[in-house]
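Me: Please take a close look at the charged side chains of this protein, on its surface and beneath it. I should like to know how they group, how they pair and where they sit.

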Amino acid sequence: MSGATAAQSREIARLRLAAQRLVGGGLPDAASAVRHMSAMQGQDLPGAMTSAALRVAGRPRQAIVDAMNAGEIVRTWPMRGTLHLIPAEDLGWILSLTGERTLRATARNRELRGVDEALLDRARAAAFEALEEHGSLSRDGLMTLWSEAGLMSDSYRGYRLLFTLSVGGDLCFGPFADGGQRIVAVSDWIRPAAVPAPDEALAQWVLRYFGSHGPATVRDFAWWTKLPLNTIRAAVAEVAGSLESWTVGGAEYLMAPETPELLAGAGRAAGGVLLLPGFDEFLLGYGTRGAALPDEHAGKVVPGNNGMFRGTVVSGGRVVGTWKRKGSGKAVRIDAEPFTSFSKAVEAALPRRFAALP
């Protein structure tokens with residue numbers, strides 16, 4: 001991290017572990033964990049479910065499935081054009097802040113696929129008619145429906161239709177059935193909730209983000225949401241009294257006042273070993289990742305900068321290597337690769353941490 005000492009970087013990383021509830025005790029249930037995080041990157045669904053479970057007391061993976069089946073958590077494209085897990089009741093106000101900007105940013109992609117308003121209206125009507133009859137659809141089922149209705153020129157158009165209707169608040173991924181997550185109509189699946197005024201909604205989001213991701217900078221939040229920096233700064237100024245400020249290397253970091261106490265309560269766990277899925281918010285929640293991931297090793301986590309994040313081995317808040325599953329069934333085991341070399345303590349902890357993963 002530019003301007004920060006090694007000790008300050010370690011402290012920021014450990015405070016983030018505590019804020020994200022990866023150490024020091026988890027949240028009481030799955031919905032609470034995702035609500036605390038506000039949004040959790042979810043294009044790798046199995047990894048996202050593990051990430052969410054790691055933040056729940058007892059780490060029960062089934063709790064994530066149950067919360068999705070109950071309509072408490074949904075999966076959609078709320079920001080950055082990327083799938084996330086979010087609390088169902090927050091979908092309306094999050095999209096009220098991000099949806100229009102996302103649709104403007106992706107207009108050229110729609111144009112290239114021949115997706116105009118008339119086609120979207122036909123796709124929406126066909127989807128709603130089928131969902132009224134069946135309640136939910138698999139992704140393949142929805143694509144087949146649109147193809148039979150003459151709306152599909154190729155699979156990319158199908159993705160663009162689904163993405164656009166989801167960003168517009170019409171569709172989302174909800175419950176599980178037949179080994180996959182089903183697509184539902186937002187108006188049928190999610191209970192109606194009041195959408196606060198934009199200023200109030202953004203202020204709430206600021207508090208949520210810095211409460212779960214802090215210490216972090218305003219630029220981190222701007223990168224995370226893709227909202228205008230000036231708009232974010234105005235919202236931060238409104239709630240500044242509810243956040244603690246810490247200047248490191250000339251940059252201001254914000255966090256919830258209770259975060260240092262959470263870290264203190266975590267005790268030795270904050271210095272221990274964690275295994276995190278590849279797209280975990282501990283790395284993906286920030287515009288810059290130097291507090292936890294040394295710049296010289298970033299390419300080992302995202303080889304070729306291809307956007308595909310490997311699972312990480314974290315020791316004392318710092319990423320020290322990568323890991324993946326190897327084998328299958330009873331023979332499944334961890335295959336971990338250090339950036340340089342693992343300490344004896346990390347080596348000893350790896351199989352235990354792997355066995356304990358949700």
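Reply:
**Charged side chains**

Arg 310, Lys 324, Lys 326 and Arg 333 form a positive patch on the surface. The model is a predicted one, in which local features need pLDDT of at least 70 and side-chain atom pairs count only at pLDDT 80 or more, while totals for chains, interfaces and linings use all residues. Residues are numbered from 1 along each chain as its sequence is written, and side-chain values use heavy atoms, with hydrogens and water left out.

A patch is built from residues with over 30% relative accessible area and no salt bridge; like charges are joined within 9 Å, and nonpolar side chains (Val, Leu, Ile, Met, Phe, Trp, Tyr) within 5 Å. Lys and Arg count as positive and Asp and Glu as negative, whereas His and the chain ends are not counted. Each charge is placed at NZ of Lys, CZ of Arg, CG of Asp or CD of Glu. Accessible areas come from the Shrake-Rupley method with a 1.4 Å probe, and for residues only the protein chains shown count as cover.

One member of the positive patch, Lys 326, belongs to strand E10 (residues 318-326). Helices (H or I, at least four residues) and strands (E, at least two) are DSSP runs numbered from the N terminus. Lys 326 is partly exposed because its relative accessibility is 40%; buried means under 20% relative accessible area, exposed over 50%, and partly exposed in between (1.4 Å probe, protein chains only).

The surface also carries a patch of negative charge, made up of Glu 129, Glu 132, Glu 133 and Asp 188. Helix H7 (residues 117-134) makes the greatest contribution to this negative patch, with 3 residues. Glu 129 is part of helix H7, and its relative accessible area of 60% makes it exposed.

**Paired charges**

A salt bridge is a side-chain nitrogen of Lys or Arg within 4 Å of a carboxyl oxygen of Asp or Glu. By this rule there are 9 salt bridges.

One of them joins Glu 89 to Arg 35, with the closest N and O atoms 2.7 Å apart. Glu 89 is in the loop between strand E3 (82-87) and helix H5 (91-105), and Arg 35 is in helix H2 (residues 30-37), so the pair ties together parts 54 residues apart in sequence. Both partners are partly exposed: Glu 89 has a relative accessibility of 34%, and Arg 35 has a relative accessible area of 30%.

Arg 104 and Glu 100 make another salt bridge, the closest N and O atoms being 3.1 Å apart. Both residues lie in helix H5, 4 residues apart, which is about one turn of the helix. Arg 104 and Glu 100 are both exposed.

Asp 154 is paired with Arg 113, and here the closest N and O atoms are 3.3 Å apart. Asp 154 occupies the loop between helix H8 (139-148) and H9, and Arg 113 the loop between helix H6 (107-112) and H7, so this salt bridge ties together parts that are 41 residues apart in sequence. Asp 154 is partly exposed, with a relative accessible area of 28%; Arg 113 is likewise partly exposed, at 31% relative accessibility. In addition, Asp 121, Arg 124 and Asp 170 are joined into one network by salt bridges that share partners.

**Buried arginines**

Which charged side chain is nearest to Arg 157 among those of opposite charge? That side chain is Asp 154, at 5.9 Å; Arg 157 is buried and has no salt bridge. Arg 157 is located in helix H9 (residues 155-167). Neighbours within four places in sequence aside, Arg 157 is in contact (heavy atoms within 4.5 Å) with Arg 113, Gly 114, Val 115, Leu 119, Leu 151 and Met 152. Arg 113 thus appears both among the contacts of Arg 157 and as the salt-bridge partner of Asp 154.

Arg 80 is also buried, with a relative accessible area of 18%. Arg 80 sits in the loop between strand E2 (73-79) and E3, and its phi is positive, at about 60 degrees, although the residue is not a glycine. Most residues other than glycine have a negative phi.
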